Amino acid sequence: MLKLPARISFVALVSLALAASTVNAAPLFTNWSDGVAGGSLYTAGGPCSIASCFAIEDNFSNQEDWLVTDFTFYIVSDPGVIANPSWRYALFSAAGDQIVAPTNTALTITSVEPYDAYVIYKAVISGLNISLPSGEYWFRFTNTQYQAVFPAYGVSPSSQTLNPGFRQLTGSSTVESLLSTDVTQRDENWAFEVSGATFPIFSDGFEE
């Protein structure tokens, strides 16, 4: 028979495992409020092998451990580009460590509204399983074939918005844009969101 202290610890561990397995994904961070809009067309793309190439990034932070499942963000482009997927993203810590190395990804894309000769789109990277300890991170995004991919901006920043915010990275024939340290600070707030789960904290076997 288990001794009482061991049984208490076992019950606490089982409870924690059950709670973790039943947590539903939910919004964790948003960089904008009051709608999205077009604006300065700072490109987030281009083939590094034959032309100047660029990426865009913005930062977010978490005060507790997160399990990130989705990145949702808004871009300006045209249907011809959207129909030819060449999307790639990466995730870095504020110290510059790679959390997710540059990775090809599929997007779920929804048209939002026209913007000049382009269209504002909502884009989602889903099905992720990224464990993030509390800290600050940079989400980076690019298109490897077309320069006509631009960030859309939040009309107003949210209470979670961090400085310095939205930046553009310039790659080269030898440096992938997502890995570039050639960074230009911009003034706008890229409209993006992070979704996932936080896990309950237990003390003495009971959820706080």
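Buried here means under 20% relative accessible area, and Cys53 fits that easily because its value is 0%. Keep in mind that this is a predicted model. The mean pLDDT of the protein chain is 86, with 84% of its residues at 70 or more. Below you'll find the weak spots in confidence, then the disulfide, the strands and the aromatic rings.

**Where to be careful**

- Residues 1-22 have a pLDDT below 50, and beyond near neighbours in sequence this stretch makes 8 contacts in the model.
- Residues 202-208 also come out below 50, with 10 contacts in the model once near neighbours in sequence are set aside.

**The disulfide**

- The count is 1 disulfide, and it ties Cys48 to Cys53 with an S to S distance of 1.9 Å.
- It's a right-handed disulfide, because the torsion about the S-S bond of Cys48 and Cys53 is about 95°.
- Cys53, one of the two partners, is buried at a relative accessible area of 0%.

**The open sheet**

- Six strands make up an open sheet, in the order 6-5-10-3-13-14 and with antiparallel pairing.
- Strand 6 (98-104) and strand 14 (183-185) sit at the edges; each has a single partner strand, so one side of each has no neighbour in the sheet.
- Going from one strand to the next, the twist averages 25°.
- Inside this sheet, strand 5 (residues 87-93) and strand 10 (residues 135-143) run antiparallel and are joined by 7 bridges.
- If you want a pair to look at, Trp87 has Asn143 in strand 10 as its bridge partner.

**A hairpin**

- Strand 7 (residues 108-115) and strand 8 (residues 118-125) run antiparallel, with 7 bridges joining them.
- The two form a hairpin with 2 residues between them, and Asp116 in the turn has a positive phi of about 50°.
- Across the hairpin, Ser111 stands opposite Tyr121 in strand 8.

**Ser195 and its surroundings**

- Ser195 belongs to strand 15 (residues 192-198).
- With 15% relative accessibility, against a cut-off of under 20%, Ser195 counts as buried.
- Leaving out neighbours within four places in sequence, Ser195 touches Ala26, Pro27 and Leu28, and also Leu67, Val68, Thr69 and Asp70.

**Aromatic rings**

- There are 20 aromatic pairs by count.
- One of them is Trp32 with Tyr74, which is edge-to-face at 5.5 Å centre to centre and 80° between the planes.
- That pair links distant parts of the chain: Trp32 is in the loop between strand 1 (26-30) and strand 2 (33-37), while Tyr74 is in strand 4 (residues 66-77), 42 residues apart.
- Both rings belong to buried residues, with Trp32 at a relative accessible area of 14% and Tyr74 at 10% relative accessibility.
- Trp190 and Phe192 make another pair, this one tilted, with 5.8 Å centre to centre and 35° between the planes.
- Trp190 is buried with a relative accessible area of 0%, and Phe192 is buried with a relative accessible area of 0% as well.
- Trp190 and Phe192 also belong to a cluster linked by ring pairs, whose members include Phe29, Phe60, Trp66, Phe71 and Phe73.
- Trp87, the bridge partner of Asn143, is in that cluster too, along with Tyr89, Tyr137, Phe139 and Phe141.

Conventions. Residues numbered from 1 in each chain as written. Predicted model: local features only at pLDDT ≥ 70, side-chain atom pairs only at ≥ 80, totals over all residues. Heavy atoms only, no water. Disulfide = S-S within 2.5 Å. Buried < 20%, exposed > 50% of the residue type's maximum accessible area, 1.4 Å probe, protein only. Pairing = 2+ DSSP bridges. Helix = DSSP H or I, 4+ residues; strand = E, 2+ residues; numbered from the N terminus. Axes fitted to C-alpha atoms, helices over the stretch in contact; angles between N-to-C directions. Contact = heavy atoms within 4.5 Å. pLDDT = per-residue confidence, 0-100. Phe/Tyr/Trp six-rings, centres within 6.5 Å; stacked < 30°, edge-to-face > 60°.
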